[in-house]
Structure formats: structure tokens, C-alpha cells
Amino acid sequence: MQYLVSVINDNTALATDEEMAAIDVFNDRVQADGHWVFAGGLAGPDAATVIDNRAGAALITDGPFLESKEFIIGFWVFEAPDLDVALKLAADGSKACNRKVEVRPFR
């Protein structure tokens, strides 16, 4: 089963050099253990564009979908046999990046 692990940030500061080094070590371990599917960092919410085409004409709005003190700054997609393994990976990822994470299974 695959799980999305969203990295949640509450400020505009990027990862420190120490955090990036820990993330690299974590990513290498996840890849070596066969859990890696994909990962990426995201620009901050000020770089977001929202598109709503439900009314038949696309409404394009600069900025985030909603105003919040917290936002997703990156993510991992893991392959794991069950939620317990995914939660352990997410806990290790949270420690590596020094941020909160949210885990959701794909359907």
C-alpha cells in the first residue's frame, strides 16, 4: 500500500543545512529499505495558484487555497505493508526534517 506523508511547516524558513543532511540520510535509508516511491519539496504558499473550473469558466486566483499558519512544504510517498510501518517511517521523517507530518493512505 502507498502512503502520502505531508511535511507541515509554520514559517517561511527553509530547512537548515543540518536538517537537509538528516533528510538526505533518511531518504537514503528509505530507498535502501525499498519503501521509497517519490518525494519532493514545494514552494511556499505565496507561490500557489488556485484554479476553480466548476462553473464552466476557469477562475484563476493567485495565492493559497486557504489562509493558514501551517502549510505543506514537502512530501514523501512511501510503499509500506501496513499503516504501522508507514507511521514509523513518518515518525523518522518528522525527526529528520524537524517538522510535523501528516500520513494518509492512497485509495
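User: Which residue in β6 does Leu 4 stand opposite?

Analyst: This is a predicted model: local features need pLDDT of at least 70, side-chain atom pairs count only at pLDDT 80 or more, and totals for chains, interfaces and linings use all residues. Residues are numbered from 1 along each chain as its sequence is written, and side-chain values use heavy atoms, without hydrogens and water. Strands β1 and β6 (residues 100-105) pair in the antiparallel sense over six bridges; strands (E, at least two residues) and helices (H or I, at least four) are DSSP runs, numbered from the N terminus. Across from Leu 4 in β6 stands Arg 104.

User: Which residue in β5 is the bridge partner of Leu 4?

Analyst: β1 also pairs with β5 (residues 71-79), in the antiparallel sense. Two strands pair if DSSP finds at least two bridges between them; here there are eight. The β5 partner of Leu 4 is Val 77.

User: How many residues of β1 are buried?

Analyst: Buried means under 20% relative accessible area, exposed over 50%, partly exposed in between (1.4 Å probe, protein chains only). β1 spans residues 2-9 and is mostly covered. Of its eight residues, the buried number six.

User: Why does Asn 9 count as buried?

Analyst: Asn 9 lies in strand β1. It has contacts (heavy atoms within 4.5 Å) with Lys 69, Glu 70, Phe 71, Ile 73 and Arg 99, leaving aside neighbours within four places in sequence. Asn 9 counts as buried because its relative accessibility is 5%.

User: What distance separates the side chains of Asn 9 and Arg 99 in their polar contact?

Analyst: A polar contact is a pair of N or O atoms within 3.5 Å; within protein, one must be able to donate a hydrogen and the other to accept it, and residues adjacent in sequence count only if both atoms are side-chain atoms. The side chains of Asn 9 and Arg 99 make such a contact, at 3.1 Å.

User: What arc do the buried residues of α2 cover?

Analyst: Those of α2 (residues 83-97) are Ala 86, Leu 89, Ala 90, Gly 93, Ala 96 and Cys 97. They sit on the same side of α2, because their arc, taken from the directions from helix axis to C-beta atoms, is only 120 degrees.

User: Which residues are exposed on the other side of α2?

Analyst: The buried residues of α2 pack against β1, α1 (17-32), β5 and β6. On the other side, the exposed residues are Asp 84, Lys 88 and Lys 95.

Terms used. Expected span 1.5 Å × (residues − 1).
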